[in-house]
Amino acid sequence: MVSTVKETAEALPGVIEIAWLIPVIPTVCFFLIVFFGKKLKGKGAEIGIAGIVAALALSIPVFFKTIGQLGHKDFHGYSKSVTWMEFGDKEVLELGYRIDGLTVVMLLVVCFVALMVHIYSTAYMKGEVRYTFYYAALSLFTGSMLNLVLANNLLQLLVGWEGVGVCSYLLIGHYWEEKENSNAAIKAFLTTRIGDVGFMFGIFVLFFAAKTFNIQAITEIVEEGHISNTVLTTAALLLFAGAIGKSAQFPLHVWLPDAMAGPTPVSALIHAATMVVAGVYLVARMYTVFHASPDALQVVAIIGAITMLMAALLALIQNDIKRVLAYSTISQLAYMVAALGVGAYTAGVFHIWTHAWFKALLFLGAGSVIHAVHSNNMSDMGGLKDQLPITHKTYLIGCLALAGMPGLAGFWSKDEILTGAFDSATHGSTVGWVVFISASLTAFLTACYSARMYFLTFRGNPKYDTSHVHPHESPAAMTTPLILLAVLAVAGGWIGLPGSWNQFAKWVHFGEEHAVFSFPVAAFGTLLFVGGFALGWAMFHKGKFRFDIKKSPLAWSYKLLENKYYLDDLYMGVIVRPIRDQVSRFAYWTNQNILDAVVNAGGAAALGLGKSLYKNVDQPVIDGAVNGTARITGKIGDTLKFFQTGNVQYYAAVLFIGIGISVAGFLYFN
Amino acid sequence: MDWITDWGLTLVVFLPALGAVFMALTPKGRDSTIKFWALVFTGLPLLVGLLMLGRYQYSDGGFQFETNLRWIPSIDANYHIGVDGIALPMVMLSLLVTFLCVIYSCWHLPEPHNPKLFLALCLLLETGMTGTFVALDLVLFFIFWEVVLVPMYFIIGLWGGPRREYAAIKFFLYTFFGSVFMLLGFLALYFQSDPHTFDIVLLQQAGVLSMTKTAANLIFAGIALGLAIKVPMWPFHTWLPDAHTEAPTVGSVLLAAVLLKMGTYGFVRIAIPILPDAARTFAPFIGALAAIAIIYGALNCLAQVDLKRMIAFSSVGHMGFVMLGIATMTDVGINAAVFGMVAHGVITGMLFFIAGSIHERYHTRDIPELGGLVLKMPVMGGLLAYSAIASLGLPGLAGFWGEVTALLASYNPLEGLDLTWFRTFMVLGGIGTVLTAGYFLWMLQRVNLGKVPAQWQDKNFADAQPLELAAWVPLLALILILGVFPKLILDVTNPAVVELTQLLTR
C-alpha cells in the first residue's frame with residue numbers, strides 16, 4: 001500500500017463512501033441495455049436515463065459535501081481504494097477514487113450534460129437504426145468517463161480513457177452503412193491511440209520514478225522534489241501527448257471534424273463537453289508534474305496557442321454547421337490548454353465548465369436545426385428564426401456565450417484566461433505574449449464565426465427548398481435540454497465572477513493562486529467580442545465588406561484553409577496509405593519469399609538428401625542386410641500412407657541421423 | 001478427498017487419453033456415443049482441475065500436487081509432475097479450451113466426417129498439452145511435447161483446407177526440427193549436472209550445474225531454438241499462418257489457444273530458470289526478435305485477405321508481447337507474459353471459433369468479399385467486434401493487461417540488461433499497438449460493417465447457434481472478467497513468478 005496517501009482517518013461521509021457507484025451504475029446499465037434493452041417499451045432508453053439520473057443524484061451530494069470541506073486547511077480530498085492487483089514484490093495497483101474540487105466539478109459537468117443528451121436523444125434518435133445499441137454505448141461512455149474522472153491512479157484513468165475512446169469509435173460510426181462514417185470512426189480511434197501510446201509511456205516513467213500509479217502519491221513525491229527535472233519533463237511531455245490526441249490539439253486534431261459523422265447528440269456529449277476535455281483534465285489532474293517542469297509547460301502553452309488560432313480560422317470557412325462547432329471546440333479546448341500552459345490553472349478548468357454548457361447547447365441546437373431542415377449545411381438553412389423559436393433563442397444565447405458577450409458564461413472564463421496570459425506576459429514570459437496575442441486574435445475570430453453561424457442559420461432568407469421542407473420546432477424532449485443548458489450558458493459563469501465572490505476558485509485552484517481581475521483586459525475582451533460579432537454581422541448578414549476571396553490575392557490562404565492546411569493529405573499520403581498498402585505488402589512479400597522460402601528450401605534440401613541417400617546408400621548397401629526389417633517398415637509405411645502422401649519418413653530419418661551425429665559430437669568434444 | 005492432491009494431476013493428464021481408448025473401442029458410426037465419451041473425458045478433467053483450484057495454496061509460490069515416481073531408472077528419468085502458479089493457469093486453459101472445442105464439435109465437425117478419429121485425436125492432444133505444462137522432468141516434458149505433434153499433424157492433414165498436407169508436414173517437421181536441438185540441450189544439461197539429472201526443479205538449484213559460459217550459451221541456444229519455433233518467434237513463424245489457415249476450426253483454436261503457449265512456457269519453466277546467466281546474455285536478442293515480431297506481425301496482418309490468416313499473423317504479434325515480457329526477466333515482465341498467454345488463449349481462440357463459423361456459413365473467408373455481416377448476423381458480428389476489440393488491447397478486457405505490463409516491464413528490465421535497447425523495444429511495442437488497432441478496425445470495417453454485398457443479399461445465414469454459444473460463452477465471459485479483475489490470474493502467478501525471479505538475481 002502506498003504509505004504517502006493519507007486515508008481520511010475518520011470514516012468517510014456516507015455519500016462519499018458509496019461514490020464508487022457513480023461510474024458503476026451507468027456501466028451496469030450498459031450490460032442491462034445490451035441484454036434486455038430491446039425487449040423493453042422504451043427500447044433501453046429508460047435504463048440509460050435511469051442510470052444517469054442515479055449517477056447525477058449521487059454526484060450532487062458528493063459535490064456539496066466536498067466543497068463544504070474545501071475551506072479546511074488539511075483537506076486534500078477524499079480517497080478510497082481496494083487492491084486491484086499485485087505484481088512482483090511490492091507493486092500494487094489500486095482500484096479506487098479520489099474526490100476533490102476538480103473531481104466534483106467534472107462530475108457535475110459529465111452527469112448533467114449526459115442527462116441532457118440522454119433525454120434529447122429519445123426524440124432525436126427516434127426511429128433511427130440501432131436505437132438500443134446507441135443507448136447502450138451512451139451508458140458505457142458515461143460510465144467510462146466517470147471512471148476517468150474519479151480514478152485515483154493513472155492506470156485506472158487510462159482504462160476509462162480508452163473506454164471513452166472505444167465508445168466514441170462506436171458512436172461516430174453509428175451509421176456505418178456508409179463507408180465514410182466508419183472511416184471517420186477508425187480515424188478517430190487511431191489518431192487518439194497515437195497520443196495514448198505516449199500517455200502510456202508517461203505513466204511508465206512516473207511509475208518507475210515514484211514507484212506508484214497513485215495520483216496523489218505522485219503529486220506529493222513530486223512536490224517533495226524527489227524526481228529529477230529531466231524525468232519530470234519527459235513524463236509531462238508524454239502525458240501531454242495523450243492530451244494532444246484526446247483533446248484534439250495540433251497536430252493530432254484532424255480526427256475531431258470527421259467525428260461529426262456521428263449523431264449530433266453524441267457530438268454534444270463526447271466531442272464537446274466531456275471526452276475531448278479529458279486531455280485538459282489530465283493536464284490539470286497531473287498539474288504538479290507539469291508545474292515542476294517549466295519547459296513542458298511552455299510546450300503546452302505553445303501547442304495551445306497554435307491550435308486555437310488555426311482552428312478558429314477553419315471554423316470561419318465551414319459550411320457544415322457541425323464542422324463550425326467542431327473547429328470551434330478544437331479552438332476552445334486549445335484555450336484551456338494554453339491557460340494551463342501559462343499557469344492560469346483555475347481559468348483553464350473554469351473554461352471546461354463554462355464551455356461544456358454553451359457548446360453542448362450549441363450542438364444540441366444544431367441538432368434541432370438539422371432535424372428541421374434535414375441538412376447539415378448552412379447553405380440549406382437561413383431564416384429559421386420564426387419556425388424554430390425556442391431553438392433560435394437558445395442558440396443565440398449559445399453563440400453569444402461562445403463569442404464572449406459580457407455577462408454570459410463564456411465571457412468570464414475567457415476573460416480569466418486572457419488575464420492569465422497577460423499576467424504571464426507582463427512578467428517577462430515570451431510564451432505568455434504568444435498566448436495572449438493568439439488568444440486575442442482567436443477571441444475576435446470566435447465572435448466573428450459565431451455571428452456568421454447565427455446569421456446564416458436563423459436570419460436572412462430561407463435557403464432550403466421551401467416547397468418540400470417545412471421546418472417546425474422540435475418536441476419538448478429536445479427543447480427542454482436546450483432551455484436548461486441556455487440557463488447555464490448564461491448563469492454558469494456567475495460562480496466564477498472575479499474577486500471575492502469567486503466560488504469556483506475556492507473549489508479548483510493550484511497552490512495559493514488568486515483570481516485576478518484586470519479591468520483593461522476585460523474591456524479589451526469586450527472590444528474583441530463587439531468587433532468580431534459586428535464584423536460577422538456586417539459580412540454575413542448585411543453583405544458588407546464581401547469580396548470573392550478566391551479571386552483576390554488571398555486566394556492561396558483560402559485554398560490552404562479549404563484543404564485544412566493539407567494535414568489530412570499529409571497523414572494519409574505519407575503515413576496511412578504507404579503503411580497500409582505498400583509497407584504491409586512488402587512485409588508480407590518478405591514473409592513469403594524470404595523467410596518462408598528459406599524454410600521451404602530447407603525442406604526441399606532435406607528431401608533431396610533423403611532421396612539421394614535412399615537411392616545411393618540405403619538400397620544398394622543397407623537394404624540387402626536388413627531386408628526383413630525394411631519389409632516390416634514398409635508395411636507400417638503402407639498403413640500410414642492412408643493418412644498422408646508426404647515424405648515425413650525421409651525427413652524424420654535424416655533428422656534422426658542428425659541427432660545421432662550431433663550427440664556423438666557433443667559427447668566427443670566434452 | 002486426498003486423492004485429488006495425490007493423483008488429481010495425473011488424472012487430469014491421462015483421463016483424456018483413457019477417453020481416447022474408450023472411443024477406439026466404440027464401434028464406428030455411433031456418433032452420439034462417441035460425442036458423449038468425448039464430453040465426459042474432457043469434462044471430467046476440467047472438473048478435477050476445478051476441484052484442484054479449490055485446494056491450491058495461492059500464496060505459495062512452489063510446486064503443488066507433486067508426484068515424483070521413478071520411471072526409467074537407467075537414465076534417471078522420473079515421472080515428476082506438479083504445478084505452480086505459472087503452470088496452473090496454462091493447465092486450466094488447456095482443460096477449458098479442449099472441453100469447449102468438444103462442445104463446438106458436437107455442433108459441427110469438419111469433413112471428412114469421422115468423429116471417432118477426430119475427437120480421439122483431440123483427446124490425445126489434450127493429454128500432450130496438459131502433460132507438457134505439468135512435467136517437471138525434462139524427458140517427460142520432451143515426450144509430452146512430441147506427443148502433441150502427432151494428433152495435431154493428423155488434425156491438420158486430414159481435416160484441413162486445400163493445402164492441408166503441405167501445412168501439416170511443415171508444422172510437424174519445423175517443430176520437430178526445433179525439438180531436436182531442444183533435446184540436445186536437455187541431454188547436455190543431463191551430462192553437465194552433478195549428480196546427473198533430468199529433474200527441472202533440481203537443475204534450477206544452485207551448484208547442480210557447472211559448466212563454462214560458452215557451453216551454457218550453446219545449450220541455451222539449442223533449447224531456445226526449439227521453443228522459439230513453437231512460440232513462434234520471428235523469423236521462425238512461417239509455419240504458423242499455413243497451419244492455422246489450413247487447420248479445421250477446432251485445430252486452429254487449440255493451436256492458438258494452447259499449443260503456442262508451450263513454447264513460451266518452456267522459456268519460463270526451463271530455459272530461463274535453469275540457465276539464468278545465458279538467458280541474460282540472450283535476453284536483448286529475444287527482446288529484439290519480440291519487438292520485430294510485434295511490428296512485423298501487425299504489418300503482415302494489414303496485407304492479409306484471408307480472415308484466418310490475418311488472425312494467425314496477429315498471433316505472431318501477440319506472442320511478441322509475451323516474449324518481450326519474458327525477455328525483461330523481471331517479475332513484472334514474467335507476470336505479464338503469463339497473463340498475456342492466458343489472454344491470448346481466450347481471445348484468439350474465440351476469434352478462430354468465429355472465423356470458422358463465418359466460413360461455415362459463407363464458404364469463404366476473404367475479407368473483401370464479406371461485408372455487412374452485422375446486418376446478416378447481429379450476434380455473430382457483435383461477438384466478432386467484441387473479440388477483435390479485446391485483441392487490440394482495450395483496457396477493461398483481457399488483452400490489455402498482458403500488453404501494458406509487458407511494455408511497462410521493458411521500460412525497466414532486469415538490472416544489467418541494456419536500458420536503451422529495451423526502451424527501444426518498448427517504443428516499437430507501442431507503435432505495434434497502434435498498428436494492431438489499425439488492422440483489427442480495418443478488418444471490422446470490411447467484414448462487419450457497410451452494406452451487404454449483392455451476392456449475400458438473398459442468402460439466409462443462421463445467427464450464432466445454441467451449441468456455438470455454449471462453447472463460446474465461457475471464453476467471452478473470461479475476456480471480460482480477466483479484463484476487470486486481472487487479479488484472478490496475477491494472484492495465482494505472482495508468488496511463483498517472485499520465486500522464479502529470485503533465481504535470476506542470485
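In this predicted model, chain B meets chain A through 52 residues of its own, which are in contact with 51 residues of chain A. On the chain B side, quite a few helices pitch in: α5 (138–159), α6 (164–192), α11 (276–303), α13 (331–362), α16 (398–411), α17 (419–447) and α20 (487–505) each supply at least two residues. The top contributor to that side is α6(B), with 14 residues. Sorted by class, the chain B residues that touch chain A come out as 36 nonpolar, 12 polar and 4 charged.

One of those helices, α13(B), also has a partner inside its own chain. Its axis and that of helix α3 (residues 87–107) of chain B come within 10 Å and cross at roughly 10°. Since angles under 35 degrees count as roughly parallel, α3(B) and α13(B) are therefore roughly parallel to each other. On the α3(B) side, the contact is made by Pro89(B), Met90(B), Leu93(B), Val97(B) and Tyr104(B). Facing them from α13(B) are Val338(B), Met341(B), Val342(B), Gly345(B), Gly349(B) and Phe353(B). Taken together, the residues of this contact include 9 nonpolar and 2 polar ones, with no charged residues.

Over in chain A, there is a pair of strands to look at. Strand β1 (residues 78–87) and strand β2 (residues 91–99) of chain A run antiparallel and are joined by 9 bridges. Within this pairing, Phe87(A) stands opposite Glu91(A) of β2(A). As for its surroundings, β2(A) is mostly covered, with 7 of its 9 residues buried.

How values were computed: Residues numbered from 1 in each chain as written. Chains lettered and ligands numbered in written order. Predicted model: local features only at pLDDT ≥ 70, side-chain atom pairs only at ≥ 80, totals over all residues. Contact = placed C-beta atoms within 7 Å. Helix = DSSP H or I, 4+ residues; strand = E, 2+ residues; numbered from the N terminus. Nonpolar A, V, L, I, M, F, W, Y, C, P; charged D, E, K, R; others polar. Axes fitted to C-alpha atoms, helices over the stretch in contact; angles between N-to-C directions. Parallel < 35°, antiparallel > 145°, perpendicular 65-115°, else oblique. Buried ≥ 20, exposed ≤ 12 C-beta atoms within 10 Å, placed from the backbone. Pairing = 2+ DSSP bridges.
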